[in-house]
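Subject: Structure for your review

Dear colleague,

Please find below the structure that I am handing over to you. My notes on what was found in it follow directly after.

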Amino acid sequence: GIRRRQRERNNLLKLQQYANIAHEIRSPMTMIMNPINSLQKLHEDPESIHALETIRRNTERVIRMADQFLGIRNLDQGKIKIDRKDVNLNNLIRKSLNAFTYQAEIKRIRLSFEPETDNICFRVDENHLDTIMNNLLGNAFKYTPEGGEIIIRLQRRKEDDSIVISVSDSGQGIRPKDLKRIFNRFYQSETGVEGFGIGLNLCHMLVSLHGGSITASNRTDRS
């Protein structure tokens with residue numbers, strides 16, 4: 001109805017505003033990275049190394065956030081294509097996990113990868129899957145408390161040769177009525193965790209572009 005069309009129009013305007021800001025932010029943030037990399041090679045004391053690594057990781061985080069807004073806008077406009085090729089999913093997921101090892105150490109989170117077998121290959125767009133994994137892992141880290149756990153599982157279904165990647169965490173979960181909404185654009189939970197509500201929407205769009213599906217559920221193996 002009218003209310004729905006108004007909401008869609010508001011979301012479109014909001015996305016355009018965010019995308020414009022993201023475009024302006026991304027270039028200077030990218031220019032910061034080279035000096036940081038150079039400084040990291042010059043310093044050997046642990047305190048300086050730690051400080052520079054913190055700056056680098058947060059700079060990369062801002063760049064990734066900008067890329068998400070630009071990515072969603074480009075998807076809406078049909079500008080993103082799929083470049084499928086044979087990819088070793090085990091290696092790609094381990095690479096994604098490596099980007100979060102520092103965060104896991106800081107929060108004392110047990111981060112583990114449980115593939116069904118080694119060397120599971122699949123035709124997929126490597127960059128898109130990397131974006132999906134970074135968003136899913138980033139979301140899991142947001143809601144996992146200190147001392148918690150995050151588990152990534154990978155398996156190939158024999159019945160249809162499809163791939164299943166699952167990310168589970170020990171966070172508090174989400175209200176059942178909101179489970180279907182978390183992939184909606186600009187959806188934000190009532191947990192008080194900061195965010196723009198676009199990461200999971202981008203995941204949904206990229207998975208759909210590959211002909212796949214993405215769902216969410218609460219863990220049932222604990223109270």
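Among contacts in the chain between residues at least 6 apart in sequence, 73% join residues at least 24 apart. Please bear in mind throughout that this is a predicted model.

**Overall architecture**

The chain contains six helices and five strands. Their order along the sequence is α-α-β-α-α-β-β-α-β-β-α. The chain has 223 residues, of which 34% count as buried. About 14,200 Å² of the chain is exposed, and carbon and sulfur atoms supply 50% of that area.

**Helix α2 and a nonpolar patch**

Helix α2 covers residues 46-76, which is 31 residues. From its first C-alpha to its last it reaches 45 Å, close to the 45 Å expected at 1.5 Å a residue. After α2 comes G78, which has a positive phi near 70°.

Helix α2 also contributes to the surface, since V62 has its place in this helix. Together with I21 and I25, V62 makes a nonpolar surface patch of about 210 Å². V62 has a relative accessibility of 31% and therefore counts as partly exposed, the class between buried (under 20%) and exposed (over 50%).

**Salt bridges**

The structure holds six salt bridges. Three of them are described here, beginning with K85 and E126.

The side chains of K85 and E126 meet with an N to O distance of 3.7 Å. K85 belongs to strand β1 (residues 85-88) and E126 to helix α5 (residues 126-143), so this salt bridge ties together parts that are 41 residues apart in sequence. Each partner is partly exposed: K85 has a relative accessible area of 41%, and E126 is at 31% relative accessibility.

A further salt bridge joins E146 to R108, with 3.4 Å between the closest N and O atoms. Here the partners sit in loops: E146 lies between α5 and β4 (149-156), and R108 lies between α4 (101-107) and β2 (110-115). The pair therefore ties together parts that are 38 residues apart in sequence. Both E146 and R108 are exposed.

The salt bridge between R153 and E114 has an N to O distance of 3.2 Å. This pair links distant parts of the chain, with R153 in strand β4 and E114 in strand β2, 39 residues apart. R153, at 35% relative accessibility, counts as partly exposed, and E114 is also partly exposed, with a relative accessible area of 37%.

**An aromatic pair**

A search of the whole structure finds one aromatic pair. The two rings belong to F100 and F141, which are stacked, with 5.3 Å from centre to centre and 15° between the planes. The pair counts as stacked because planes under 30 degrees apart are placed in that class. F100 is in the loop between α3 (89-98) and α4, whereas F141 is in helix α5, so that the pair links distant parts of the chain, 41 residues apart. Both F100 and F141 are buried.

Helix α5 thus appears in two of the contacts described above, through E126 in a salt bridge and through F141 in the aromatic pair.

**Residues with positive phi**

Most residues other than glycine have a negative phi. Which residues other than glycine have a positive phi here? Among them are R108, with a phi of about 55°, and N119, with a phi near 55°.

R108, already mentioned as the salt-bridge partner of E146, has its place in the loop between α4 and β2. Its relative accessible area is 53%, and R108 is therefore exposed, the cut-off for that class being over 50%. N119 lies in the loop between β2 and β3 (121-124). At 56% relative accessibility, N119 likewise counts as exposed.

**Where to look in the model**

For viewing, I would suggest beginning with helix α2 (residues 46-76) and the patch made by I21, I25 and V62. The stacked pair of F100 and F141 may follow, and then the salt bridges, including that of R153 with E114. The loop between α4 and β2, where R108 is placed, may be taken last.

With kind regards

Notes: Residues numbered from 1 in each chain as written. Predicted model: local features only at pLDDT ≥ 70, side-chain atom pairs only at ≥ 80, totals over all residues. Heavy atoms only, no water. Helix = DSSP H or I, 4+ residues; strand = E, 2+ residues; numbered from the N terminus. Expected span 1.5 Å × (residues − 1). Salt bridge = Lys/Arg side-chain N within 4 Å of Asp/Glu carboxyl O. Buried < 20%, exposed > 50% of the residue type's maximum accessible area, 1.4 Å probe, protein only. Contact = heavy atoms within 4.5 Å. Areas by Shrake-Rupley, 256 points an atom, 1.4 Å probe, with all protein chains shown as cover. Patch = residues over 30% accessible without salt bridge, like charges linked within 9 Å, V, L, I, M, F, W, Y side chains within 5 Å. Phe/Tyr/Trp six-rings, centres within 6.5 Å; stacked < 30°, edge-to-face > 60°.
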